[in-house]
Amino acid sequence: MTHRPATLLNVFLDGRERRKVGRLAAQGRRILFEYDPAFIASGLQISPFQLPLRPGVMVDDKQVFDGLFGVFNDSLPDGWGRLLLDRAVERIGIARQELTPLDRLAHVGTHGMGALSYEPDLSDSDRAPVVLELDAIARDAATVLKGEEGPVIEKLLKLNGASAGTRPKVVALVSADRTQIIHGPATLPKGYAHWMIKFPSAGDEATSGATEYAYSLMARAAGIVMPETHLFTAGKKRYFGIRRFDRDGNRRIHMHSLSGLLHADHRTAALDYDGFLKATQFLTRDVTEVERAFRLACFNVLARNRDDHTKNISFLLDDLTGQWSLAPAYDLTYSAGPGGEQTMTVMGEGRNPGPDHLRQLARKHDLRNAEAILAAVQNAIAKWSDHADAAGLATKAAKLVGDRIVPQVTKTASPAKKKATSNKPSATRTASAKNTAAAKPAAKPRAKGRRRS
Ligand SMILES: Nc1ncnc2c1ncn2[C@@H]1O[C@H](COP(=O)(O)OP(=O)(O)OP(=O)(O)O)[C@@H](O)[C@H]1O
Ligand SMILES: [Mg+2]
């Protein structure tokens, strides 16, 4: 690991071709950005709400992301990846507090998620292929989470590939039969694809990978567009993997989180699904994309994925046509949510949102297929035990989740469906595949003026 303070960075969009986007510069605590005139002429809007194309220097005086515009903040790892960089620089005698957002972007360099790259590039340029042993990585990650130091930090930092999120994870190249998992080469070997594999965080259940996998099957059954997912097995352990949608073969695709797009910090802002659907409408100008957003809302609410913060939703840009679309879904799993509430409220309701709030949301956005979407999601959730079985989820863990999500969707289902699911609600236990209280460094403050039931 080498480090040099960065005061000026060139930003590139590495899509179908490499284009210079502009320049970032530090001025005290302020960060200045200026688009390149040729990029302005291209008409490609990489962040149309907060950083529309225009000449001249721009500054985010609100400092939502330490002065970085959201589109660049999206390139920065948070949670696990941030912890690794902090520890890695401390190992070479630099205090983490000395790192500026531009320094962090220089360490992302050409190895980021999405399609943006930064120069000077301080990311590890070693592209030698290494075969990944998932159990060894899980063990290494666990030692880092316990606070231990060592060269393993640099290794994990490289494998993390500047991905965001709380959990330890690696970006990997996976063979079509999913038996070969490697990291390193800049060019995909034939038959391989880009994947991301997740490992449990300190507060996660051992079954968290299988639960997330079962949720991916349930989401697909509900009609949600999901990337391919797979449970990778190593010894007795199983790790959740998801194919990356910001890569198509060797091509990089620009991705922007809802957080970055709206400058809504995922740790402090509590957006409403109404805002998410509005943003989808403005960005994509396509009602089928708004329906996709609504389907995700139904799923997150009814399947109790209450960690539905603004970084768990992204959009993709086609750099040929300039058209935006909602990215496939990710990070869907059972989650009790901060304080037991839905992070993203539904028409103001956070504590106990349900079908009626979802119907209100659909009416507000004039969605004609709302009832069919709601029914499809309810039917998929009613079959939870099938999805849990297909994921090989242990009976106890499956029941813990099923008790919380099945009864509420079968209440309104046909008698035949009711009979098919025998789970009874249990008032005494709390299930959490994703232990948000333990995994998240800071609790998310509630939105001002939120209506509580
Ligand atoms: N299939 C995918 N393709 C491309 N990027 C992805 C994919 N899945 C996740 N990501 C990106 O990686 C980040 C981390 O993934 P994910 O949200 O699954 O991890 P996590 O650690 O469980 O997150 P959290 O902190 O929300 O609990 C996401 O915020 C998103 O930017
Ligand atoms: Mg996430």
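Hi everyone, let's start at one spot: Asp-331 sits in the loop between β16 (324–326) and α11. A quick word before going on: what you are looking at is a predicted model.

So what is there to say about Asp-331? Its phi is positive, about 55 degrees, although Asp-331 is not a glycine. Is Asp-331 buried or exposed? It counts as buried, because it has 21 C-beta neighbours inside 10 Å, and the cut-off for buried is 20 or more.

Asp-331 also takes us to the ligand. Which residues come nearest to ligand 1? Of the 19 residues around it, those are Gly-165, Thr-166, Arg-167, Tyr-330 and Asp-331. Sorted by class, the shell around ligand 1 has seven nonpolar, six polar and six charged residues.

Now let's step back to the whole chain. The domain assignment splits it into domain 1 (8–119), domain 2 (130–247) and domain 3 (254–437). Where does the ligand shell come from? Domain 2 (130–247) and domain 3 (254–437) each give at least three residues to the shell around ligand 1.

Let's look at how those two domains meet. Taken over C-alpha atoms, the centres of domain 2 and domain 3 are 23 Å apart. Their contact takes 27 residues from domain 2 and 34 residues from domain 3. Which element gives the most on the domain 2 side? That is helix α7 (residues 208–221), with twelve residues on the side that touches domain 3. By class, this side of domain 2 holds 17 nonpolar residues, six polar ones and four charged ones.

Next, the sheet. If you want to trace it on screen, follow the order β6-β8-β7-β9-β11-β10: this is an open sheet of six strands, with antiparallel pairing. At the edges are β6 (130–131) and β10 (229–234), each of which pairs on one side only.

Let's walk across it, beginning with β7. Strand β7 (residues 169–175) runs antiparallel to strand β8 (residues 181–183), and two bridges join them. Here Leu-173 stands opposite Ile-182 in β8. On to β9: seven bridges join β7 to strand β9 (residues 192–198), again antiparallel. Which residue of β9 is the bridge partner of Leu-173? It is His-194. So keep a finger on Leu-173, please: it faces Ile-182 in β8 and is bridged to His-194 in β9.

Moving along, β9 and β11 are antiparallel too, and three bridges join them. There, Ile-197 has Gly-241 in β11 as its bridge partner. Then we reach the edge: β10 is joined by six bridges to strand β11 (residues 237–243), and these two run antiparallel. In this pair, Phe-232 stands opposite Tyr-239 in β11. The hairpin of β10 and β11 has two residues between the strands, and in this hairpin Gly-235 takes a positive phi near 60 degrees. While we have strands in view, one general reminder: in a regular strand the side chains alternate between the two faces of the sheet.

Now back to α11, the helix I mentioned at the start. Which residues of helix α11 (residues 355–364) are buried? They are His-357, Leu-358, Leu-361 and Ala-362. These four lie on the same side of α11, because they cover an arc of only 145 degrees around the axis. On the face turned away from that buried side you will find the exposed residues Asp-356 and Arg-363. And what covers the buried residues? The cover includes α9 (273–284), α10 (287–302) and α12 (370–382). After α11 comes Asp-366, which has a positive phi, near 55 degrees.

Two last backbone spots before coffee. Asp-66 is in the loop between β4 (57–59) and α2 (70–73). Asp-66 is not a glycine, yet its phi is positive, about 50 degrees. Is Asp-66 buried or exposed? Neither, quite: it counts as partly exposed because it has 14 C-beta neighbours inside 10 Å.

The other spot is a cis peptide bond. It joins Glu-119 and Pro-120, with omega about 5 degrees. Where is Pro-120? You can find it in the loop between β5 (116–119) and β6.

That's my tour. Thanks for listening!

How values were computed:
Residues numbered from 1 in each chain as written. Chains lettered and ligands numbered in written order. Predicted model: local features only at pLDDT ≥ 70, side-chain atom pairs only at ≥ 80, totals over all residues. Near = placed C-beta within 6 Å. Nonpolar A, V, L, I, M, F, W, Y, C, P; charged D, E, K, R; others polar. Domains from an automatic or database assignment. Contact = placed C-beta atoms within 7 Å. Pairing = 2+ DSSP bridges. Buried ≥ 20, exposed ≤ 12 C-beta atoms within 10 Å, placed from the backbone. Arc of directions from axis to C-beta.
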